[in-house]
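User: I would like to go through the salt bridges of a protein model. Please keep the answers short and give the reasoning.

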Amino acid sequence: MVERLVGAARHAALQGLHGWSEVEDRDAIRKTYHFSDFSEAWGFLSRIALLAEKHDHHPEIFNVYNRVEIILSTHDVEGLSERDVRLAEAIDELAPLRDRRAPGP
Ligand code: H2B
């Protein structure tokens with residue numbers, strides 16, 4: 001059973017993500033990714049689709065040409081859960097370097 005992320009666990013999970021921010025009017029997180037053109041953006045979206053099926057967890061997706069905004073939230077708890085955090089991390093691994101955390105020392 002998935003649980004809504006609250007309190008210290010939620011804070012720690014959000015701190016661990018790179019470039020994701022909380023949506024203002026609902027319990028969800030969002031991130032925008034940038035590409036050189038539509039084709040590159042759509043390639044990313046195709047890979048996200050496969051990832052979503054693998055995770056059995058599905059993002060909200062908004063695309064305008066070379067820009068992709070992803071919103072993650074868990075319907076079952078009407079808010080943020082560990083499932084969103086796991087998918088956010090996995091999506092970041094598919095992202096262009098400029099939208100990923102800089103590699104550590
Ligand atoms: N995606 C998202 N974003 N939230 C969910 O709660 C969710 C999902 N639930 N994908 C999954 C599918 C659920 O409906 C299936 C039955 O596991």
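Salt bridges in the model

Analyst: Glu22 has a relative accessible area of 47% and is partly exposed. The model is a predicted one.

User: Which side chain meets Glu22 in a salt bridge at 2.8 Å, N to O?

Analyst: Side chains of opposite charge can pair when their charged atoms come close. Glu22 lies in strand β1 (residues 21-22) and its partner in helix α1 (residues 7-16), so the pair ties together parts that are twelve residues apart in sequence. The side chain that meets Glu22 at 2.8 Å, N to O, is that of Arg10.

User: Is Arg10 buried or exposed?

Analyst: Buried means under 20% relative accessible area. Arg10 has 14% relative accessibility, so this residue counts as buried.

User: With which residue does Arg10 form a salt bridge whose closest N and O atoms are 2.7 Å apart?

Analyst: Arg10 sits in helix α1, and this partner sits in the loop between β1 and β2 (29-34), 17 residues apart. The partner is buried, and so is Arg10. The residue at 2.7 Å is Asp27.

User: Which residues are joined into one network by salt bridges that share partners?

Analyst: Arg10 has a salt bridge with Glu22 and another with Asp27. Salt bridges that share partners make one network of Arg4, Arg10, Glu22 and Asp27.

User: How far apart are the closest N and O atoms in the salt bridge of Asp92 with Lys31?

Analyst: Asp92 counts as buried at 10% relative accessibility, and Lys31 counts as buried at 4%. The closest N and O atoms of this salt bridge are apart by 2.9 Å.

Notes. Residues numbered from 1 in each chain as written. Predicted model: local features only at pLDDT ≥ 70, side-chain atom pairs only at ≥ 80, totals over all residues. Heavy atoms only, no water. Salt bridge = Lys/Arg side-chain N within 4 Å of Asp/Glu carboxyl O. Helix = DSSP H or I, 4+ residues; strand = E, 2+ residues; numbered from the N terminus. Buried < 20%, exposed > 50% of the residue type's maximum accessible area, 1.4 Å probe, protein only.
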